[in-house]
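Student: I am new to this structure and would like a close look at one part of it. Please take a single helix and its surroundings, and then show me how what we learn there carries over to other places.

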Amino acid sequence: MHAPEIEFKDKEQVKRFQEKKLGELLDYLLAFSPFYKELFEKNKIQRSDINTLEDLTKVPVSSKYDLYSRNFDFLCVPKNKIVDYVTTSGTLGDPVTFALTDGDLDRLGYNEAISFLCAECSADDIFQLTTTIDRRFMAGLAYFLGARKLGAGLVRVGSGIPELQWDTIQRINPTVLVAVPSFIIKLIEYAEANNIDYKSSSVQKAICIGESVRNPDFSLNTLGQKIQDKWGIKLYSTYASTEMVTAFTECGASQGGHHHPELIIVEFLDDNNVPVKEGEPGEVTITTLGVEGMPLLRFKTGDICTANYDQCECGRTSMRLGPILGRKNQMIKYKGTSLYPPALYDILDTMPMIKNYIVEVFTNEIGTDEILIRIGCVDVLENFEKEIKDHFRAKLRVAPMVRFEDPKLIQSLQFPEISRKAIKFFDKRNPVLS
């Protein structure tokens, strides 16, 4: 398998290529998408108005709220054509469902295969997947399909359990880990505590998912540097989301995740939905190409990034996406899962034993987001903390830290003198954007 030729073409060729793909998408949406047919009619937009990438600015953006409130109005196929349902982590209290056709699964595997090629992987590699492939999680499925498409071997260990991870490494001799970077730290700590010679293991590189390992200048951040100093394996950042069904993965140059022009159109917009100047940070806004089930047009992801358009030393001319600089609307990236505070509130509010609570988000010692839920509770029953965390894992796939405190203290924090309403969310993360 080889990298797509379009990733090595000049900018004008890529632009013409994408404009042809855009035309095909628009014809498809206006024929089959209830949401986008209504959007075009409401805004009096004709299909003939959109012919170039620049013309996209004539189309209003869509948002996560649109997906939440109008979920299946984005569906373009009858339900008997859907072969897999996945969900996001739940940004507005409930997860958003995405429906994939057989063709979408083929596209998903192709995307991940060419992303693995970016990360200098080949059919000779064996991947160890340390993230779940179940629980309606798209990413784990994508990695499985991608390795299969690439012709490589893969062992599906799943999340957690460092002992099982190391047993697998010693049995199967994988060369590539697909892992959340903070979990790689746990693997190192387990190895050191159990006298495992991890530096002599078969693992040569890690595809780092869910958390960044780089600063805006592409140097390793605190987390990435800690892994590098301890283990010395090669780290490759990757950025993706359920909504975009596409990944941006680093090559060996470690200068940003490469764009796949045949799979996605990317814009970078300011707060007024105007394209930012080249090199300036903007909100990643995507238009998916080749998606059958639930394609998206000008969808705002909520992530702030900068783009680099210079030719990469790997030979690719495709745009490269820098690390996430910030997140809109209090988005939290926690252990590889993107979530928002209302998703936490909805779970806490279902538990009658909880009198009140606040949610604190801060940057931990390895530079990633950490969540502490301070719960006001009079009588803490045995196993109550476990019950709470089990609820979080069931709904969001992750469980934050929990601390029980006097409800009167939580009440005073929720209602400071200068506030006219209850405050539940306290963002104590290190600032990233100036």
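Tutor: A residue is called buried when its relative accessible area is under 20%, exposed when it is over 50% and partly exposed in between, with a 1.4 Å probe and protein chains only. This is a predicted model, in which local features need pLDDT of at least 70 and side-chain atom pairs count only at pLDDT 80 or more, while totals for chains, interfaces and linings use all residues. Residues are numbered from 1 along each chain as its sequence is written, and side-chain values use heavy atoms, with hydrogens and water left out.

The part I choose is helix 6, which covers residues 162-172; helices (H or I, at least four residues) and strands (E, at least two) are DSSP runs numbered from the N terminus. We can approach it through Ile 161, which belongs to the loop between strand 4 (153-156) and helix 6. Most residues other than glycine have a negative phi. Ile 161, however, has a positive phi near 55° and is not a glycine. With a relative accessibility of 53%, Ile 161 counts as exposed.

Helix 6 meets helix 7 (residues 181-193), and their axes come within 10 Å and cross at roughly 80°, where axes are lines fitted to C-alpha atoms over the stretch in contact and angles run from 0 to 180 degrees between N-to-C directions. The two helices are therefore roughly perpendicular to each other, a term for 65 to 115 degrees. On the side of helix 6 the contact (heavy atoms within 4.5 Å) is made by Pro 162, Glu 163, Gln 165 and Trp 166, and on the side of helix 7 by Phe 183, Leu 187, Tyr 190 and Ala 191. Sorted by class, this contact of helix 6 with helix 7 has 6 nonpolar, 1 polar and 1 charged residues; here Ala, Val, Leu, Ile, Met, Phe, Trp, Tyr, Cys and Pro count as nonpolar, Asp, Glu, Lys and Arg as charged, and the others, Gly among them, as polar.

Trp 166, named in that contact, also leads us to the aromatic pairs, of which the structure holds 11; rings of Phe, Tyr and Trp (its six-membered ring) pair if their centres lie within 6.5 Å, and planes under 30 degrees apart count as stacked, over 60 as edge-to-face and the rest as tilted. The rings of Trp 166 and Trp 231 have centres 5.6 Å apart and planes at 35°, so this pair is tilted. Because Trp 166 lies in helix 6 and Trp 231 in the loop between helix 8 (222-230) and strand 7 (234-241), the pair ties together parts that are 65 residues apart in sequence. Trp 166 has a relative accessible area of 1% and is therefore buried, and Trp 231, at 7% relative accessibility, counts as buried too.

A second ring pair joins Tyr 239 and Phe 248, with centres 6.1 Å apart and planes at 40°, so this pair is likewise tilted. Tyr 239 is buried with a relative accessible area of 10%, and Phe 248 counts as buried at 2% relative accessibility. Elsewhere, ring pairs link Phe 35, Tyr 36 and Phe 74 into a cluster.

Tyr 36 takes us to another helix contact, that of helix 1 (residues 11-32) and helix 2 (residues 34-42), whose axes come within 6 Å and cross at roughly 100°. That makes helix 1 roughly perpendicular to helix 2. Leu 26, Leu 29, Leu 30, Ala 31 and Phe 32 of helix 1 make this contact with Pro 34, Tyr 36, Lys 37 and Phe 40 of helix 2. By class, the contact of helix 1 with helix 2 has 8 nonpolar, no polar and 1 charged residues.

A loop elsewhere can be read in the way we read the one before helix 6. Asn 273 sits in the loop between strand 10 (264-269) and strand 11, and its phi is positive, about 65°, although Asn 273 is not a glycine. Asn 273 counts as partly exposed at 30% relative accessibility.

The accessibility cut-offs serve for strands as well. In strand 2 (residues 97-101), 5 of the 5 residues are buried, so this strand is largely enclosed by the rest of the structure. Thr 97, Ala 99 and Thr 101 lie on one side of strand 2 and Phe 98 and Leu 100 on the other, and both faces are covered. Strand 12 (residues 299-305) is mostly covered, with 7 of its 7 residues buried.

Methods
Parallel < 35°, antiparallel > 145°, perpendicular 65-115°, else oblique.
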